[in-house]
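Hi,

Here is the structure I promised to pass on. Have a look at it first, and my notes follow below.

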Amino acid sequence: MNDEAKSTVPSWYWVVAAIALIWNLLGCAAFAMELFAQEAAMESMTDVQREWARSLPGWIYLIYGAAVGTGVAGSITLFLRRTWAVSLFGISLAAVLVQMIYSMLIAGGLQAMGPSGAVMPTVVIALAAALLWFSFLARRKSWLR
């Protein structure tokens with residue numbers, strides 16, 4: 001009975017898992033837009049912002065893809081209640097940090113985009129960290145197998 005009670009997850013767990021999946025699928029959509037419709041997305045940018053966006057190296061898109069791919073995989077493993085979620089969200093957070101630190105700080109994204117350009121990267125980092133924390137919590141509570 002005790003093992004059965006431990007493996008029962010609260011209903012809000014499924015809500016968090018669903019939000020995580022939706023968030024990460026939106027990340028995949030943004031990634032696809034960056035890859036396949038970058039010029040259209042840059043129509044509303046200033047010349048400086050377009051120059052910055054075009055200057056980003058190709059490897060940053062591999063990191064971006066890894067971030068959203070492992071985020072989606074982590075979200076799916078939450079639904080499957082697998083401990084792999086912890087590792088996948090850890091990889092996702094690490095990739096997000098590399099991507100954001102390089103593109104916004106090293107490559108000059110904050111200068112090109114202005115202070116408002118820090119909002120979305122901050123939200124992305126915070127949510128990636130929150131999902132990693134949540135997966136640790138779920139593992140500690142034995143909600144993951």
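**What I found, starting with α6**

The buried residues of α6 pack against α2 (11-36), α4 (47-55), α5 (59-80), α7 (109-113) and α8 (119-140). Those helix labels follow DSSP runs, numbered from the N terminus: helices are H or I with at least four residues, strands E with at least two. Packing here rests on contact, which means heavy atoms within 4.5 Å.

Before going further, two housekeeping points. This is a predicted model, so to speak of a local feature I need pLDDT of at least 70, side-chain atom pairs count only at pLDDT 80 or more, and totals for chains, interfaces and linings use all residues. Residues are numbered from 1 along each chain as its sequence is written, and side-chain values use heavy atoms, with hydrogens and water left out.

**More on α6**

Which residues of α6 are buried? They are Ala85, Val86, Leu88, Phe89, Ser92, Leu93, Ala95, Val96, Gln99, Met100, Ser103 and Met104. Buried means under 20% relative accessible area, exposed over 50%, and partly exposed in between (1.4 Å probe, protein chains only). As general background, an α-helix has 3.6 residues a turn, so residues three or four places apart point the same way.

The span of α6 works out too: its 23 residues (84-106) should cover 33 Å at 1.5 Å a residue, and the end C-alpha atoms are 32 Å apart, which agrees. The expected span is 1.5 Å times one less than the number of residues. After α6 comes glycine 108, with a positive phi near 85°.

**The chain as a whole**

The secondary structure comes to eight helices and zero strands. Along the principal axes, the C-alpha atoms fill a box of roughly 65 × 25 × 25 Å. Of the 145 residues, 39% count as buried. If you take the contacts with a separation of 6 or more, residues 24 or more positions apart account for 76% of them.

On the surface side, the chain exposes about 8300 Å², and carbon and sulfur atoms supply 70% of that. The areas come from the Shrake-Rupley method with a 1.4 Å probe; for residues, only the protein chains shown count as cover.

**α8 and its neighbours**

α8 has 22 residues and reaches 31 Å from its first C-alpha to its last, close to the 32 Å expected at 1.5 Å a residue. Its buried residues are Pro121, Val124, Ala128, Leu131, Leu132, Phe134, Ser135, Leu137 and Ala138, and they pack against α2, α5 and α6.

Isoleucine 125 also lies in α8, but is partly exposed, with a relative accessible area of 26%. What does isoleucine 125 touch, leaving aside its neighbours within four places in sequence? The contacts are Leu93, Val96, Leu97 and Met100. The C-alpha atoms of isoleucine 125 and alanine 94 are separated by 9.4 Å, with their positions 31 residues apart along the chain.

**Aromatic pairs**

A search of the whole structure finds eight aromatic pairs. Rings of Phe, Tyr and Trp (its six-membered ring) pair if their centres lie within 6.5 Å; planes under 30 degrees apart count as stacked, over 60 as edge-to-face and the rest as tilted.

One of the eight is stacked: the rings of tryptophan 14 and phenylalanine 79 have centres 6.2 Å apart and planes at 25°. This pair links distant parts of the chain, with tryptophan 14 in α2 and phenylalanine 79 in α5, 65 residues apart. Tryptophan 14 is partly exposed at 32% relative accessibility, and phenylalanine 79 is partly exposed at 35%.

Phenylalanine 31 and tyrosine 64 form an edge-to-face pair, with ring centres 5.0 Å apart and planes at 65°. Phenylalanine 31 lies in α2 and tyrosine 64 in α5, so the pair ties together parts 33 residues apart in sequence. Phenylalanine 31 is buried at 18% relative accessibility, as is tyrosine 64 at 14%.

Ring pairs also link Trp12, Tyr13, Trp14, Phe79, Phe134 and Trp143 into a cluster.

**Positive phi away from glycine**

Arginine 81, in the loop between α5 and α6, has a positive phi of about 60° although it is not a glycine. Arginine 81 counts as buried, at 11% relative accessibility. Serine 142, in the segment after α8, has a positive phi of about 65° and is not a glycine either. Serine 142 is partly exposed, with a relative accessible area of 27%.

Cheers
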